[in-house]
Amino acid sequence: MVERPTSEQLKQRVKILEKELAERKRVESSFRESKERLSQILQETSIPTFVIDNNHIVTHVNKAYENLTGILADEIIGTRKQWLAFYPTKRPTMADLIVDNAPEEEIAKHYQGNYHKSAVTEGGYEAERLFGDLRKGSKWLFFTASPLKDDRGNITGAIETLQDITAQKTVGQALRKSEKRLRILLDFVPYPIVVFTLDGRVYYLNPSFTETFGWTLEELEGKTIPYTPPGLEQETGDMIKELFEKKVILRHETRRLTKDGRVLDVVMRAGVYSEDKDEPAGELVLLRDVTREKRVARNNEAILRISTALPEYPDMEDLLDYVSREIKQLLNTEGALVILLDEERKELFYMGAAYDDSTTQERIKEIRFPANKSVAGNVIKTGKPIIVHDTSKDPHFYPGVDKRLGYHTKNMLEVPLRSGDRIIGALCARNKKEGAFDETDLELLSMIAGTIALSIENARFSEEIIRAYANNEALLRISTALPEYPDLEELQDYVSSEVKRLMGSEGAIVMLLDEEKEELFFVGASYDDSATQKRVKEIRFPLDELVAGQVIKTGKPLIISDTSADPELHRERDKKLGYHTKNLLLVPLRSSDRIIGTLCAINKKEGRFDQANVELLSMVAGTVALSIENARFSEELKRAYIEVSSMNRAKDKVINHLSHELKTPVSVLSGSLKILEKKLELLTEESWKITLSRGKRNLDRIVEIQNQVEDIMRERHYKSHHLLSQMLEECADELETLIAEEVGEGRLVETIRKRVDKLFGPKEIEPKRIILNEYVKERIAAIKPLCFHRQVDIISDLETVPPICIPQDPLQKIIDGLVKNAIENTPDEGKIEIILREKDAGIELVVHDYGVGIIEDAQRRIFEGFFATQDTMAYSSKRAFDFNAGGKGADLLRMKIFSERYNFKIEMKSSRCRFIPKETDLCPGRISDCAFCANVEDCYGSGESSFSIHFPAASN
């Protein structure tokens with residue numbers, strides 16, 4: 001049973017309830033006041049605001065909202081029409097989404113990304129957009145919505161505030177348009193422009209900046225530019241400080257780096273810009289790349305400096321050393337060189353040099369190397385400049401020079417030295433100290449080359465004039481002194497002493513030929529060592545034991561630059577003389593009709609013997625040769641000597657004699673046959689035509705022999721012509737009188753003289769520039785009608801090749817002879833191939849037949865002369881171009897002599913047909929008649945011969 005409360009307890013309980021009731025009334029009164037105060041505050045705030053409860057009913061709308069939207073509070077309070085102010089149809093506002101605690105995906109769907117979470121209120125969102133359906137017109141509004149929660153965290157409603165940002169948006173759009181127009185304008189400025197913020201970070205840069213320096217706006221926006229070279233940081237800082245202090249446009253000349261590490265010379269113009277009148281916002285910098293301008297200015301100064309200095313260096317070596325020093329300094333390299341071409345010896349040598357290492361600079365001038373090796377050789381050959389960034393990867397680099405110097409060339413730049421229409425050498429810069437050689441270096445070096453090439457030629461010309469003057473003075477001295485030395489030995493001792501002095505050599509000797517004994521003896525000598533000079537006159541050498549014999553036989557000067565290259569050739573001579581010969585120069589001593597000896601300079605003291613020495617010694621030899629002859633013989637002895645010599649030469653050189661002896665009878669027979677043919681024309685052809693044709697054909701063969709021999713002996717003297725002409729002059733009146741008595745007056749002597757000139761006179765043959773592919777084509781066309789009776793295919797493959805330089809007459813005989821030889825050795829139904837192509841810096845002509853071939857023994861003797869591979873009986877019974885027509889054996893000898901005379905090479909390869917291996921075995925002359933060949937391919941694979949001629953290309 002529950003105990004009932006006492007009266008006192010009930011009184012106490014009532015008092016407690018009364019207190020609680022009073023407190024509740026007080027709280028409710030305070031809440032009402034607070035709510036009214038909050039409502040009043042909301043009403044009076046200048047920020048447009050509306051509030052909804054958790055049922056989406058509008059509970060509050062302030063005046064600022066009414067003014068902004070044109071919607072009165074009475075229209076929407078107590079309703080769910082909060083959308084009315086903003087949208088033409090019902091849809092949730094942001095406050096509605098907050099009350100529904102909608103997920104962010106839902107909010108994103110309604111505001112399409114133009115929103116973000118509130119940074120102030122948890123669960124709140126902010127957004128901005130253009131509202132076009134407000135009663136007071138379109139406006140840009142910024143609005144925020146935040147949840148209203150009770151003390152337990154439950155959402156009881158939401159409050160949404162609005163701001164009219166239409167003016168800011170309009171200004172912002174105008175600013176963006178203005179900025180866009182400004183950027184477009186700056187993008188078209190041809191100079192690099194950068195806009196920096198106040199803290200030196202990139203706000204904008206134009207395309208010209210990217211084009212010049214390499215960096216893009218995307219790479220640098222908001223960052224500093226790393227384009228200040230090391231060492232210029234303080235200068236740059238001082239310039240920026242001055243700029244912001246003075247706030248004027250400053251001009252400053254400095255250097256800046258590109259993205260790829262190049263250093264540019266630039267002119268900068270900088271100014272401060274402000275967003276208001278008082279505070280600077282950043283700086284605008286305009287740059288202009290003046291690298292090329294400054295380089296051109298420096299180059300022009302260098303060229304002017306070099307040009308004005310050139311007259312100060314009359315000596316060519318001093319001149320080129322100066323040029324090398326200038327190049328080395330201008331291009332900042334370890335070394336610079338002037339390389340010249342020795343056209344005669346096809347060698348390159350260093351005439352000017354400048355190196356950091358003086359030892360290398362001194363040693364390099366002692367080096368020569370072949371012109372077809374090295375980068376310089378390629379530059380001179382092509383006429384094109386070359387930059388080599390890595391010599392280890394360049395196929396033209398010649399390491400031989402580095403090896404001899406003990407130097408390592410890492411990179412190089414070379415340009416040609418042009419003089420008129422030829423290239424005389426190259427300028428070279430080696431081992432760039434900073435960076436790599438580039439086009440600007442190439443341009444400068446080419447300008448220097450163009451400036452100094454003429455000076456080099458002038459210096460060379462001056463040296464040649466000086467040398468020619470000295471030479472002429474020496475020749476005059478020798479010429480005037482010759483009558484003072486009637487004694488042969490004294491004369492030649494004097495000549496030897498002059499030669500020794502002129503050549504700058506240790507010794508000089510005059511060697512004469514004893515033709516009867518075929519020995520060489522020393523008739524004059526001059527040596528630094530008097531014992532050697534005395535001993536040398538006591539010794540004789542067989543003609544073939546000394547290189548002087550070769551000079552006498554060929555009639556050509558000879559330079560031996562280093563005897564150690566062939567010690568066997570010189571050992572016996574030095575042993576007999578008791579003297580060590582290191583180098584020597586020999587030239588022939590020519591009398592009127594032969595070579596009587598040699599003039600020789602031995603052991604040049606400085607440098608090497610060169611072509612200039614050859615020319616000088618040859619002039620001396622020409623001056624003294626006649627005096628030697630006069631001193632050796634009296635006029636009567638000389639005539640007797642010539643007569644005896646002529647008889648001996650006629651006996652020993654029967655071919656030359658045969659050529660001259662054939663001229664007259666051949667001429668008479670030819671004329672007689674023509675007379676006979678005219679007289680026989682009255683008779684029927686059947687009675688005489690065949691016999692006369694056979695006689696003419698064989699006479700033509702004799703004429704051909706005579707022509708071949710004449711070509712072989714072309715360098716012989718035409719004594720018959722001189723003798724007959726002299727006789728004609730002496731007997732002219734008698735001849736004319738005798739003929740006039742028989743046939744009447746006429747120009748007989750003139751007719752005879754022309755005939756003598758034609759038969760016996762020397763034939764001048766001048767070299768011509770010939771386009772070989774066109775000429776070979778012409779010869780093939782001329783030959784084909786002559787062999788129309790043969791069934792041999794002539795197949796030609798003629799490339800377009802550079803011209804060659806050779807007389808046309810021997811060239812025609814070479815081509816015609818090779819093609820004729822090929823056709824005569826090829827059976828019918830066979831083929832020959834004629835190929836023309838460039839090869840080994842020259843032109844190669846190949847005549848290849850698929851005929852019977854030549855036996856091995858005959859191949860070894862094929863060029864020996866008058867050696868025929870076919871039976872001579874066949875030659876007498878067959879026509880030209882017939883199969884196995886045979887031959888006289890002189891064609892190939894003539895070609896071999898032509899090759900020596902006109903500086904080309906001729907080679908032959910052959911394999912005898914395996915079915916007829918012996919010389920006595922015969923081919924039937926037609927492939928289809930051969931018992932061994934089933935088809936033409938069997939014949940093509942059985943035997944062949946190939947003659948190759950390599951011509952040098954004509955020089956410019």
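What covers the buried residues of α19? The close-ups below take up this helix and α13 in a predicted model, where local features need pLDDT of at least 70, side-chain atom pairs count only at pLDDT 80 or more, and totals for chains, interfaces and linings use all residues. Residues are numbered from 1 along each chain as its sequence is written, and side-chain values use heavy atoms, with hydrogens and water left out.

**View A. The two sides of helix α19 (residues 567-577).** Helices (H or I, at least four residues) and strands (E, at least two) are DSSP runs, numbered from the N terminus. His570, Arg573, Asp574 and Leu577 are the buried residues here (buried: under 20% relative accessible area; exposed: over 50%; 1.4 Å probe, protein chains only). They lie on the same side of α19 because they cover an arc of only 100° around the axis, taken from the directions from the helix axis to the C-beta atoms. Glu568 and Lys575, on the other side, are exposed.

**View B. What lies over α19, and what follows it.** The cover of its buried residues includes α17 (530-536), β20 (540-542), α18 (547-554), β21 (558-560) and β22 (584-590), with contact meaning heavy atoms within 4.5 Å. Just after the helix, Gly578 takes a positive phi of about 65°.

**View C. Helix α13 (residues 374-382), mostly covered.** Here 7 of the 9 residues are buried, among them Val375, Val379 and Ile380. The strands they pack against include β12 (333-342), β13 (347-355) and β17 (422-432).

**View D. The two ends of α13.** At the start, a side-chain oxygen of Ser374 reaches to within 3.4 Å of the backbone nitrogen of Ala376. Just after the helix, Gly383 has a positive phi of about 75°.

Technical notes
A polar contact is a pair of N or O atoms within 3.5 Å; within protein, one must be able to donate a hydrogen and the other to accept it, and residues adjacent in sequence count only if both atoms are side-chain atoms.
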